[in-house]
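Please open the structure in your viewer and keep the selection tool at hand. The stops below go from one element to the next.

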Amino acid sequence: MLALRLGQRTRAPSLLRSFAMSQAWRPVSSPEHDVYATPIQRSPNDDRDYRIIRLKNGLHAMLIHDPNVDKAAASLAVTVGHLSDPDDMPGLAHFCEHLLFMGTEQFPRENEYGEYISSHGGHTNAYTSSSDTNYFFSVGSDALPGALERFSGFFHSPLLDASCTTRELSAVDSEHKKNLQSDSWRLFQMSKSLSKPGHVWAKFGSGNMVSLTQAARAVASLDRERSTGTPGRGDSLAPTPAASRMPSPAPSLAPSENEPDGGAVGRETRRRLVEWWKSHYCASRMNLVILGKEPLDELTRLAIENFSPVPNRSLPTVKDVPELPWGEDHVGKFIHAKTIMDFQAVELQFQLPSQYYHWRSKPSHFIAHLIGHEGPGSLHSYLKQKGLLVRLSCGNQPQARGIDFFKITAFLTPEGFKRYREVVLTMCKYLNLLRDTSSFPIHLFNELKVLAETRFNFAEKRTSDSYVSALSEQMQRPFPPENVLSGNTLLWDWDEPLVRRILAELLPEKGRVIVMAKDYAPLGLEDPSVKWDQEKWYKTTYNLQDMDDAFLMESRKPNDLKELYLPPKNDYMPTNLAVDKCPVDKPLKRAEVVRKTPLSILWHKKDDQFWVPKANVFLFIRSPMAAPTPRHIVKTRLFCELVTDALTEVAYAAELASLRYDFSPDVYGVQVSLSGYNDKLPVLLETVLRKIKTIEINPGRFADMKEDLRQEWANFRMSQPVELADYYARFTLSELTWPPDERLAELETVTLEEVHRHAQELLSRVKIEAFVHGNITQTEAVALMETSESILGARPLAPSEQLSNRSHVLPPNAKFVYQMDVPNVEDVNSGLSYYLHVGDITDKQLRAKLNLLAHIIHEPVFDQLRTKQQLGYIVQSAMIIRTGIMGLRIHIQSERSPAYLEQRVDAFLEGYKDMLSSMSEQDFEKQKNGLIMKKLEKCKNLAEEASRLWSAIDSGYHDFLRREIDVETLRTLSKEDMIDFVSTYFLPSSPERRKLSIHLKGRPKVDARFSVAASQAFLPILKEHGVPVTEADYTASSAAEPPVDAVKEFWKNTLEGMPNVSAESARVLIENIERLALAHPVQVVAATDALPEGTVLIPDLAQFKLTLPLSAAATPVSS
């Protein structure tokens, strides 16, 4: 049925209703449940067994039996997201997701779930979207029953632990602050805010401390007024927006709010959370997926046993949002938004009802395919030839239940930015071309249909947790249950009338244009007379203008550009999908050298376990001319970008046929990689290599590529602080690398002729290392290598010219710290990268010990430094491996200073020896076995095996059996071995420890909190404007020095409800809050910034690197 008409929407049933209404359910008496009897359509390449059941409480579950799986997994999706947040508590669904992890009645210890999963080699995560919340995990296959027992409690008996309230509120707040300088988050919320007043789509989904506690603060303030006799409005304690409350002294994090339960504000916030959880989380709104090695009957038993206690509260099925978010005031607009990063882009957006209901024909996908095409006749090709475009994309994005957005996004050259209206009008011309096409050639749909069937028929396995998470989400879509696996991929019906009805909605007056840039001077919009608005939560600055009549008239004209036309037939469509299947007793775990000459070495492995018509080819063309100086690496990068740009039309056709390539720079040469269906892979490889060898550089595209690189390298400084800290740590340890600022300094003066000469010199004398893998025989692999050599026509390098990768090694008792300010002056966060060197990667004993420590310590680092100490949202630990060296890295991003973060890491490591010593032998063996299980995990698909084998080849060690060797060593390790290891390499007091820390110091806003002095200065101003205040209460609450944003939000809402305070007085009062916060900043105590005794500060990283010895180069560990 048509779900889109002009001015009319019809709704199809949700999947839950489809499940419920289906006649295909068969009752089973013991244990009591229903089974969906219709067979599930699955890929012929899928050897797993599936079953869909319905528990008596209404929960639906898909059970997947895979006898060969080494990682079991489960996911539960709830059809509730942030659009269900109460209006006065934005972010509550997200906060609920956080707090659910903090223990259950059966397992009350807050990290019991994470600790169990981690110790059994698994992983946990969750996310909250607009309409859904998804919880998932993976775990060693033997540990699935225990994992389900812990996991299921989230949904029937969570503690929502009051003692964790303050910490998890802080975690949500920290997560929000991490995103404050992210353009994607900023633009997303800005676009949401420009919706109909009161529409649910406009909600602030992630939440922060202010949004989650403002309602509770109002209630707490009312309680204080009652206790002091100050009259309030009504006697109800039911939470209502703060605007309906009488004024209170001041919103604050009162002293009790720093306690675990958050005091009165925290308790009220939690009360609202429990109330919300009970009114939204319901078994009939949940979809569960379990993947395990157990038979389907056993998985059924586990699902029923663990999830039957989830209550069915007889809540109605969550329906689609009843109307689209944009009203007449929000369409036909140009929205100019200022970005943090330096780039220019324009996006034409349209709102559509959910397209999932058209799952059989997928009309929006067909339209997006034509608009986003990059071949001859395409919008992309035309705009690129005009020098206006860097890249273009188009797609339909499901954003909420019942709401989709269809977007055409163009990243622009500087000239394209000046002419962005012309770019948008060209988009409109292409849309008019589609509307005016009398009948679409059927091959356009058939190609998509055949490719979808091919992808489905040869679909490979992927990681267990990503698979179950995706399926639990798909179970909520309006596919019949038997099409849960296929409905999102396959095409069945060609429905041209529906395509045309959707095209009729894609008119600029029904959509809007978002222009994105850091600087609007080229458009004349930086003039002081131009009015700019600011989004509430991220403070994104934007300017709103109506589309003028001249623009709209031009947008309606038929296409008159002969360069725009529909795509031709795709020559890269695979026609030979035969698989050369030669069964073996045991798959080979290594690649083999099948050809070796002075010019090249060829590795090969024929697929012996996945049996798909796909292949992977890697060519590393080594040259000492790639990056001996910053200028050389700039020229090498430009060369790669220009080749990629020149191949766009060819490569896009291949990519549509699932055949992809990449041509990228490396400090030791350039790399060509290809993957996909092997039928046309040799054709694409030859095409790519011929372009590499014979490229003619277009001057206009050369200038465009230079500008694109300038933006990329300039934007590097605006990255997250922890990402910058990590980069500078890697820079210090790498022998040959050039930082972005040095590359940027060379970029401006590099000429086209210089790049052309460089390309010839780069390829004149090389050493090629190649790997061919998959559905390609040895004979075919050799032929590919011979063709490659013939096209490149290079001479071999002398052995002495072949560079070897090496790393810098920290000396014993190293206590080095490098400090720098975060370049983004608006970023309140700091970053710490804390690296501890252990030894040479070839030392089997040390490598096994470091592997085990990294595995064991991962959960305690997160639990202690993030969950309990709340140092920041980003807290990570990982084993670091580089040529010749290995070590442990801990990353933290926080509003705290890097020096303080380092103190906390030191304290954690100093106490970790005792934590390890107190671990029982049983728990130690469990941790060890969990890591062994991880090490022995099989590759899920051809691409994963290719990556694993190429990594061993490219490293220079050729240690294909490293995992098996590590397992042999791990089995011999005792707890005492690990205690000695920790004492030697990780305790801050150890003389053998070697540490490098990179500190990126953020700029916490001095006015981030409203000081006591500011509060006292604000009191007489309140009285002057006739605002009643109880002074004793005001003074007491001011001592907590609450966030400035919380103070402003509180008084804004409060003053709106006071009839005796004029709008002008309210404006003056709010402005005074900002002024007083600046005039009376909170006094920051810097005593915590002291560095440990013996710390050596690094004044210059580049010079420091020169003082460090180099590791040994990689040599093969086996012949």
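In what order do the strands of the open sheet run? Begin by selecting the eight strands of this predicted model. Their order is β1-β2-β3-β4-β8-β5-β7-β6, and the pairing is mixed. Now colour β1 (25–28) and β6 (123–128), which are the edge strands, each pairing on one side only. From one strand to the next, the twist averages 20°.

Next, select residues 60–65 and 286–292, which are strands β4 and β8. These two pair in the parallel sense, over six bridges. Strands of a sheet pair through backbone hydrogen bonds, either parallel or antiparallel. To see one position in this pair, show Met-62, which stands opposite Val-289 in β8.

Two helices can be added to the view of the sheet. Select residues 92–100 for helix α2, which packs on the sheet and touches β6 and β7 (133–140). The direction of α2 makes about 160° with that of β6. Then select residues 296–307 for helix α9. Helix α9 lies across β2 (33–36), β3 (49–55), β4, β5 (71–78) and β8, and runs at about 30° to β3.

The last stop is helix α4, residues 144–156. From its first C-alpha to its last, this helix of 13 residues reaches 19 Å, close to the 18 Å expected at 1.5 Å a residue. Is α4 mostly covered or mostly exposed? Helix α4 is mostly covered, with eleven of its 13 residues buried. Among the buried residues to display are Leu-144, Arg-150, Phe-151, Phe-154, Phe-155 and His-156.

Notes
Residues are numbered from 1 along each chain as its sequence is written. This is a predicted model: local features need pLDDT of at least 70, side-chain atom pairs count only at pLDDT 80 or more; totals for chains, interfaces and linings use all residues. Side-chain values use heavy atoms; hydrogens and water are left out. Helices (H or I, at least four residues) and strands (E, at least two) are DSSP runs, numbered from the N terminus. The expected span of a helix is 1.5 Å times one less than its number of residues. Buried means under 20% relative accessible area, exposed over 50%, partly exposed in between (1.4 Å probe, protein chains only). Two strands pair if DSSP finds at least two bridges between them. Axes are lines fitted to C-alpha atoms, for helices over the stretch in contact, and angles run from 0 to 180 degrees between N-to-C directions. Contact means heavy atoms within 4.5 Å.
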